[in-house]
Amino acid sequence: MMATDNALHHLGPMDGPLLLFGGPYGNLEALTAIRNEAERRQIPAQRIICTGDLTAYCASPFESVEMTRDWGIHVVMGNCEEALADKAIDCGCGFDQGSVCAQLSESWFGYTNSRITPAQRNWMRTLPRSLRFTFGAHSFHVVHGAPSLINKFIFPSTPDGEKKRELALAAADSVIGGHSGIPFGQRIGQQFWLNTGVIGLPANDGTPDGWYLLLEWKGKRICASWHRLAYDYQKAGRVMQDAGVDTGYARALSTGLWPSLDVLPPHEKAQQGNPINPPALWLT
Ligand SMILES: [Fe+2]
């Protein structure tokens, strides 16, 4: 959906720190940890945005949706919400047919699909495909994948020209996305591309941590910074095994390594297992 369609989903001006994260993926332990982290930082639900994919690889889809709704944060529709709301036959990630990702998704999507209630599907259907807000004079456009497509993967190595085309569609100073699972921020010309990272799976960097993004004033400037989320990944893995959702993703929670690299460009493939540490980025 293009920026011009999003007037109804403008959150208006924000005046305090914002916490943004993506991909809880049905990982209730990670979701509990990020909620506790927001409480510790005293950031209220009105200033928290999830970039979508509440339910996917992990074993607590129903509970994760219920916790998110109870928390009352803003949520952008991810391809998983779109697929579940439509009762689609797969997750809508856009994996190539026959790929390892596609085979694994058949397993977890079937499990998730069987546990989501009609009321939860109806709620997913109401989620906005994008959100806009301002922080000072800086405008933000939040999507799941990219402004042009809900399941478009934008990685650090995605060419600047591709990012520029997407940034032009958003008509905002910064675009914030999720979906690709790798936290990062880049200046592209006069605009910025920010990815929140995800909390429900590690970042394929050999550590079990998830990631989230903070936007805050530092003096008179806006700073974007990425932070690790440590949580009880061993419990999350046990819950998956107990539920019979024992795909390679259960092991990934502890190894920090994705079971399939099908979606990754060569640059990100080569980074597998290298602990990441995205530097903070000044937006103004
Ligand atoms: Fe996604």
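In this predicted model, both His-144 and His-179 are buried. The exercises below begin with these two residues.

**Exercise 1. Determine which protein atoms bind the iron ion, and where the two histidines lie in the chain.**

Step 1. The iron ion has four protein donors: Asp-53 through OD, Asn-79 through OD1, His-144 through NE2 and His-179 through ND1. These atoms lie 2.1 to 2.2 Å from the ion.

Step 2. Along the chain, the donors follow the spacing D-x25-N-x64-H-x34-H.

Step 3. His-144 belongs to the loop between E6 and H6, while His-179 belongs to the loop between E7 and strand E8 (184–188), so the pair ties together parts that are 35 residues apart in sequence.

**Exercise 2. Explain why the arrangement of donors around the iron ion counts as irregular.**

Step 1. A tetrahedral arrangement of four donors requires all angles to lie between 85 and 135 degrees. A square planar one requires opposite donors to be over 155 degrees apart.

Step 2. The four donor atoms here subtend angles of 82 to 154°. Because this range fits neither requirement, the arrangement is irregular.

**Exercise 3. Establish the order of the strands in the open sheet, and state which strands stand at its edges.**

Step 1. Six strands form the open sheet, in the order E1-E5-E6-E7-E9-E8, with mixed pairing.

Step 2. Strand E1 (10–14) and E8 occupy the edges; each has a single partner strand, so one side of each is left without a neighbour in the sheet.

Step 3. On average, neighbouring strands are turned by 20° against each other, direction ignored.

Step 4. E1 runs parallel to strand E5 (residues 131–135), and three bridges join them. Within this pairing, Pro-13 has Thr-134 as its bridge partner.

**Exercise 4. Describe the surroundings of strand E7 (residues 174–177) and the directions in which its residues point.**

Step 1. On one side, E7 is joined by three bridges to the parallel strand E6 (residues 138–142). Val-142 has Ile-176 in E7 as its bridge partner.

Step 2. E7 is also joined to strand E9 (residues 191–195), again in parallel, through four bridges. Here Val-175 stands opposite Trp-193.

Step 3. Ser-174 and Ile-176 point one way from E7, whereas Val-175 and Gly-177 point the other way; all of these residues are buried.

Step 4. Together with E6 and helix H6 (residues 160–170), E7 makes up a right-handed β-α-β unit.

**Exercise 5. Examine three of the salt bridges and classify the residues in them as buried or partly exposed.**

Step 1. The structure contains ten salt bridges.

Step 2. One of them joins the side chains of Glu-37 and Arg-41, at 3.0 Å from N to O. Glu-37 is buried, because its relative accessibility is 14%, and Arg-41, at 30%, is partly exposed.

Step 3. Another joins the side chains of Lys-152 and Glu-166, at 2.9 Å from N to O. This pair links distant parts of the chain, with Lys-152 in the loop between E6 and H6 and Glu-166 in helix H6, 14 residues apart. Glu-166 has a relative accessibility of 3% and therefore counts as buried. Both residues also take part in a network of salt bridges with Glu-162 and Arg-165.

Step 4. A further salt bridge is formed by Lys-218 and Glu-216, whose closest N and O atoms are 3.9 Å apart. Lys-218 is partly exposed, with a relative accessible area of 41%, whereas Glu-216, at 18% relative accessibility, is buried.

Key:
Residues are numbered from 1 along each chain as its sequence is written. This is a predicted model: local features need pLDDT of at least 70, side-chain atom pairs count only at pLDDT 80 or more; totals for chains, interfaces and linings use all residues. Side-chain values use heavy atoms; hydrogens and water are left out. Buried means under 20% relative accessible area, exposed over 50%, partly exposed in between (1.4 Å probe, protein chains only). Two strands pair if DSSP finds at least two bridges between them. A crossover is right-handed if, with the strands pointing away from the viewer, the path from the first strand over the helix to the second runs clockwise. Donors are N, O and S atoms within 2.8 Å of the metal (3.2 Å for Na, K and Ca); water is not among the atoms, so sites may look incomplete. Four donors count as tetrahedral if all angles lie between 85 and 135 degrees; four count as square planar and six as octahedral if opposite donors are over 155 degrees apart and all others between 65 and 115; anything else is irregular. A salt bridge is a side-chain nitrogen of Lys or Arg within 4 Å of a carboxyl oxygen of Asp or Glu. Axes are lines fitted to C-alpha atoms, for helices over the stretch in contact, and angles run from 0 to 180 degrees between N-to-C directions.
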